[in-house]
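Q: I should like to learn how a protein structure is read, feature by feature. Where should a beginner start?

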Amino acid sequence: MATTHIKRSTSASRLVNYAEKRAVKKDGLNLDIQYAKSEFKQVRDVYGNPGKTQAYASRIAFSPLEFNPQDFHDQATVLAVAKEVYAKAYPNQQVALYEHADTDSLHVHAVIGAINLETGQKMHGNWHQYRDHLVQVTDQVCQEQGLMVTQPDPNHHEKRSMAEIKLRAKQQPTWKDQIRQAVDHTMQNPLIRDFQAFQADLKQQAVQSMGTR
């Protein structure tokens, strides 16, 4: 089982400095890991870097039930799995990977360059979208590798606003309910195999919903 997170950062170099310090293994995508900081900077200089975001800090942590942090073979396996995850999730980004074994679970810190190498554009969206995308890809790769897949917490209840509660009391649907239903419908579609198809199906449902109003 692997858990993930991702957030914005104003300094790619600071992220590298932190992650590299305690790394037992390291690797890179679309960059030479030995020169990660300078290569991140080169891309920013070539394409320009409007705004404050230089990179995204991400991490994948693996269950101690599956991997021993002190086992060299497990360390190599975890880094390879993490590299596959980020290669699928961000194929056109620079990604520096640093594996840590200083806790009960092996985990890999990833520094993701904000600039798309093909388009020269920055990553657009919000952290919820990025996290959902990363979780989906991580679960897919883990399943392909025969690893445990993260299961939703049955005791977790989503918070609702007072306005939603009042509308539900009147048996009136809310826009959040419509989104939840659309996502559930899309997730159950066996033809949806990647994030682009996921987005396209949700957009199509939105168009159909507007047409029925």
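A: We begin with exposure: a residue is buried under 20% relative accessible area, exposed over 50%, and partly exposed in between, with a 1.4 Å probe and protein chains only. Asp45 is exposed, with a relative accessible area of 53%. The model is predicted: local features need pLDDT of at least 70, side-chain atom pairs count only at pLDDT 80 or more, and totals for chains, interfaces and linings use all residues. Residues are numbered from 1 along each chain as its sequence is written, and side-chain values use heavy atoms, with hydrogens and water left out.

Q: How many of the residues of the chain, as a percentage, count as buried?

A: Of the 213 residues, 39% count as buried. Accessible areas come from the Shrake-Rupley method with a 1.4 Å probe, and for residues only the protein chains shown count as cover. The accessible surface of the chain comes to about 13000 Å², and carbon and sulfur atoms hold 53% of that surface.

Q: Which helices and strands make up the chain, and in what order do the elements run?

A: Helices (H or I, at least four residues) and strands (E, at least two) are DSSP runs, numbered from the N terminus. The chain has seven helices and five strands. From the N terminus on, their order is β-α-β-α-β-α-β-β-α-α-α-α.

Q: What share of the contacts in the chain joins residues 24 or more positions apart?

A: A contact means heavy atoms within 4.5 Å. Among contacts with a separation of 6 or more, 70% are between residues 24 or more positions apart. Ala114, placed in the loop between E5 and H4, offers a case to examine. The C-alpha atoms of Ala114 and Gln54 are separated by 5.6 Å, although the two residues lie 60 residues apart along the chain. Leaving aside neighbours within four places in sequence, Ala114 is in contact with residues including Gln54, Tyr56, Gln93 and Met123. Ala114 counts as buried, at 2% relative accessibility.

Q: What is a nonpolar core, and which residues have the most contacts inside the largest one?

A: A nonpolar core is a set of buried Ala, Val, Leu, Ile, Met, Phe, Trp, Tyr and Cys residues joined through side-chain atoms within 4.5 Å. The largest has 30 residues, and those with the most contacts inside it are Tyr56, Phe62, Tyr86, Tyr90, Val95, Leu97 and Ile112. Two or more residues come from each of strand E1 (2-9), strand E3 (55-62), helix H3 (72-89), strand E4 (95-100), strand E5 (107-113) and helix H4 (127-144). H3 gives the largest share, seven residues. Apart from this core lies another, of 13 residues, among them Leu15, Ile33, Ala96 and Tyr98.

Q: What does Tyr86 touch, beyond residues up to four places away in sequence?

A: The residues that Tyr86 touches include Leu29, Ile60, Val95, Leu97, Ile112 and Leu134.

Q: How is a single helix read, taking helix H2 as the case?

A: The expected span of a helix is 1.5 Å times one less than its number of residues. Helix H2 (residues 36-47) has 12 residues and should span 16 Å; its end C-alpha atoms are 17 Å apart, which agrees. Its buried residues are Ala36, Glu39, Phe40, Val43 and Arg44. The arc is that of the directions from the helix axis to the C-beta atoms. Seen down the axis of H2, the buried residues fall within an arc of 140°, so they line one face of the helix. These buried residues pack against helix H1 (12-21), E4 and E5. On the other side of H2, Asp45 and Val46 are exposed. Gly48 follows H2 and has a positive phi, near 80°.

Q: How many salt bridges does the structure hold, and what are they?

A: Side chains of opposite charge can pair when their charged atoms come close. A salt bridge is a side-chain nitrogen of Lys or Arg within 4 Å of a carboxyl oxygen of Asp or Glu. The structure holds six. In one of them, Asp45 pairs with Lys41, the closest N and O atoms being 2.9 Å apart. Asp45 and Lys41 are four residues apart in helix H2 and are therefore separated by about one helical turn. Lys41 is partly exposed, at 44% relative accessibility.

Q: Which residues are joined with Glu84 into one network by salt bridges that share partners?

A: Glu84 and Lys88 meet in a salt bridge at 3.5 Å, N to O. Being four residues apart in helix H3, Glu84 and Lys88 are separated by about one helical turn. Salt bridges that share partners join Glu84, Lys88 and Glu144 into one network.
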